[in-house]
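Q: I would like to practise reading a structure feature by feature. Could you walk me through this one?

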Amino acid sequence: MNSPLKRVALACILMFGLLMLNVNYLQAVRAEGIREDSRNFRNFYARYEVQRGRITAGNKVLAESVETGDNTFKYARRYPEGKVYAPITGFFAPESTRDIERAKNNLLDGSSADLLIRRSIDLFSGTQTKGANVDLTINPKAQEAAYKALSESGKKGALVAIEPKTGAILAMVSVPTYDPNPLSKADKAGVNKAYEKLAEDEDQPLLNRAIERTYPPGSTFKVVTMAAYLESDDTLGPQSQIDAPTRLDLPNTTHDLPNHGNSACGNGRVTLSYALEKSCNTPFGKIGMDLGYDAMKEQAARFGIGGEQLEIPMPVSASSIGDEEDQAALAQASIGQRNNQMTPLQMAMVAAGVANNGVVMKPYLVNKVADAEGGEVETADPEELSTAMSEETAAKLKEMMVNVVNLGTASAAQIPGVTVAGKTGTAETSGNRAPHAWFVSFAPAEDPKVAVALIVESGSAGNDASGGQTAAPIARSVMEAVLGR
């Protein structure tokens with residue numbers, strides 16, 4: 001071969017090599033970036049070519065893809081009861097997804113490796129591939145009862161209901177909420193406008209208050225403090241006596257810790273059960289200081305507080321009792337104030353842990369996933385998260401929480417023929433806002449089927465009794481729905 005031909009051949013080989021390198025670079029290294037680039041209109045059209053799987057709760061369809069009759073956009077996402085379930089389903093938008101639509105996106109759109117066999121069968125049969133269907137643990141009656149009751153309160157708030165023995169989430173409501181349907185149209189400009197309106201709303205309807213926001217838990221945290229105290233000495237029980245002064249002297253500060261309204265707690269020395277029933281502050285502040293920060297932090301961790309980040313499968317904001325400060329701060333944290341911050345989901349886990357004889361189950365939302373033909377892809381496998389206390393301690397605490405409902409601040413949670421256990425809470429807020437109203441509960445106490453935690457923002461007149469009047473009836477309606485009352 002003469003020199004000119006050699007040079008041409010080498011040039012061709014070099015160009016071919018560069019071409020192959022470029023193709024591999026685009027397909028392997030830059031593929032994800034190109035696929036996610038907002039200028040990639042092919043990707044935009046492709047999102048609406050696939051029939052995404054349904055999101056269901058039992059027999060109720062929460063999200064589905066329906067044919068549009070349009071050759072450009074074959075399918076449209078529809079949410080039949082959008083506002084009720086939006087904090088769970090999220091939305092499928094032209095350029096983004098949220099909540100279950102995001103967490104299970106590769107199953108819903110059929111691209112998951114778990115669906116490879118299904119896709120192969122569809123390829124050989126000439127059938128268009130469909131996404132997998134995701135069935136949730138949600139109990140529609142409980143979800144709808146919670147949404148109705150919270151919405152009618154006229155307040156912002158959130159509620160979580162859990163099955164204590166498994167960790168299955170039966171209801172998860174956040175108000176105010178939003179309609180995901182306008183966010184799922186194949187119209188970028190229209191969707192962006194709708195999203196911006198929601199994002200700029202000062203009431204934050206896009207925020208899932210059940211798992212994305214933490215609050216001071218107020219007196220509901222006294223359940224954790226009591227658990228720590230009972231665990232510290234197995235001779236203690238509901239009738240054990242404890243000091244309950246009108247005001248508790250806090251070291252190294254001129255401020256004291258009072259009971260609500262500077263009221264007396266019994267005659268200054270009461271039973272543990274009475275202290276919880278009436279939600280006295282001073283005995284619980286003293287318990288926290290006596291036990292010390294490490295013991296309180298350890299007990300909180302045994303309920304899952306401050307541990308590994310939870311995913312249900314959406315990520316859950318971390319709860320915490322706050323960093324170690326001084327004894328005065330610890331006393332306040334022990335009654336659910338100061339830097340003590342909890343999500344409603346976390347407080348539902350506390351109630352569920354007591355209900356389940358001291359064992360806290362890992363909460364989860366997905367019951368099962370099946371391909372378009374009904375073949376099982378994955379199914380829930382309940383998992384223990386931690387042991388919060390001994391079975392004996394749980395029994396003692398359960399007895400006290402039943403007394404809170406029957407004799408104390410939570411009489412509004414009573415259900416005829418059902419033994420309900422609970423704890424009210426009022427959490428002080430900053431500024432001139434009214435305190436938050438909390439309630440945690442479970443029923444039936446003898447064989448718990450549901451544990452509930454809810455917060456009504458600025459829903460209290462400032463004491464646990466009024467907080468119980470605001471929040472406890474909402475929890476009662478959800479427990480009744482689960483129990484079929």
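Q: Which residues of H9 are exposed?
A: Let us start by saying that this is a predicted model. In H9, the exposed residues are Ala189, Lys193, Lys197 and Glu200, on the other side of the helix from the buried ones.

Q: Which residues of H9 are buried, then?
A: Lys188, Val191 and Leu198 are the buried ones in H9. Viewed along the axis of H9, the buried residues lie within an arc of 95°, so they line one face of the helix. The general idea is that an α-helix has 3.6 residues a turn, so residues three or four places apart point the same way.

Q: What span should the 13 residues of helix H9 have?
A: Helix H9 covers residues 188–200, and at 1.5 Å a residue its expected span is 18 Å. The C-alpha atoms at the ends of H9 are 18 Å apart, in agreement with that expectation.

Q: Now the cysteines. How many disulfides does the structure hold?
A: In general, a disulfide is a covalent bond between the sulfur atoms of two cysteines. This structure holds one. Cys265 and Cys280 form the disulfide, with 2.0 Å between their sulfur atoms. The pair links distant parts of the chain, 15 residues apart: Cys265 sits in the loop between strands E9 (256–258) and E10 (269–271), and Cys280 in the loop between helices H11 (272–277) and H12 (281–291). As for handedness, the link of Cys265 and Cys280 is right-handed, with 80° about the S-S bond.

Q: Are Cys265 and Cys280 buried or exposed?
A: The cut-off to keep in mind is that buried means under 20% relative accessible area. Cys265, at 1%, counts as buried, and Cys280, at 6%, counts as buried too.

Q: Next, charged pairs. Which salt bridges does Lys60 take part in?
A: The general idea is that side chains of opposite charge can pair when their charged atoms come close. Here the side chain of Lys60 meets that of Glu81 in a salt bridge of 2.6 Å, N to O. Lys60 lies in strand E2 (residues 60–67) and Glu81 in the loop between strand E3 (75–78) and helix H4 (82–89), so this pair ties together parts 21 residues apart in sequence. Lys60 also forms a salt bridge with Glu144, at 3.6 Å, N to O. That pair links strand E2 to helix H8 (residues 140–152), where Glu144 is found, 84 residues apart.

Q: How accessible are Lys60, Glu81 and Glu144?
A: Lys60 is partly exposed at 24% relative accessibility. Glu81 is partly exposed at 28%, and Glu144 is partly exposed at 27%.

Q: Where is there a salt bridge about one helical turn apart?
A: Look in helix H8, where Lys148 and Glu152 are four residues apart and so about one helical turn from each other. Their closest N and O atoms are 3.0 Å apart, forming a salt bridge, and both Lys148 and Glu152 are exposed. Elsewhere, Arg52, Arg77 and Glu101 are joined into one network by salt bridges that share partners.

Q: What does the side chain of the buried Gln346 reach?
A: Gln346 lies in helix H15 (residues 344–355) and is buried, with a relative accessible area of 3%. A polar atom of the Gln346 side chain lies 3.0 Å from the backbone oxygen of Phe303. Beyond its neighbours within four places in sequence, Gln346 is in contact with Phe303, Gly304, Ile305 and Ser319.

Q: Now the backbone. Which peptide bonds are cis?
A: One is the bond from Val175 to Pro176, with omega near 0°; Pro176 is in the loop between strand E6 (169–175) and H9. Another is the bond from Ile312 to Pro313, with omega near 20°. Pro313 is in the loop between helices H13 (293–302) and H14 (327–333).

Q: What is the phi of Asn252, and of Asn357?
A: Asn252 has a positive phi of about 60° although it is not a glycine. Asn252 is in the loop between strand E8 (247–249) and E9, and is exposed, with a relative accessible area of 79%. Asn357 has a phi near 55°, again a positive value in a residue other than glycine. Asn357 is in the loop between H15 and strand E11 (359–361), and counts as partly exposed at 36% relative accessibility.

Conventions. Residues are numbered from 1 along each chain as its sequence is written. This is a predicted model: local features need pLDDT of at least 70, side-chain atom pairs count only at pLDDT 80 or more; totals for chains, interfaces and linings use all residues. Side-chain values use heavy atoms; hydrogens and water are left out. A disulfide is a pair of cysteine sulfur atoms within 2.5 Å. Helices (H or I, at least four residues) and strands (E, at least two) are DSSP runs, numbered from the N terminus. Buried means under 20% relative accessible area, exposed over 50%, partly exposed in between (1.4 Å probe, protein chains only). The expected span of a helix is 1.5 Å times one less than its number of residues. The arc is that of the directions from the helix axis to the C-beta atoms. A salt bridge is a side-chain nitrogen of Lys or Arg within 4 Å of a carboxyl oxygen of Asp or Glu. A polar contact is a pair of N or O atoms within 3.5 Å; within protein, one must be able to donate a hydrogen and the other to accept it, and residues adjacent in sequence count only if both atoms are side-chain atoms. Contact means heavy atoms within 4.5 Å.
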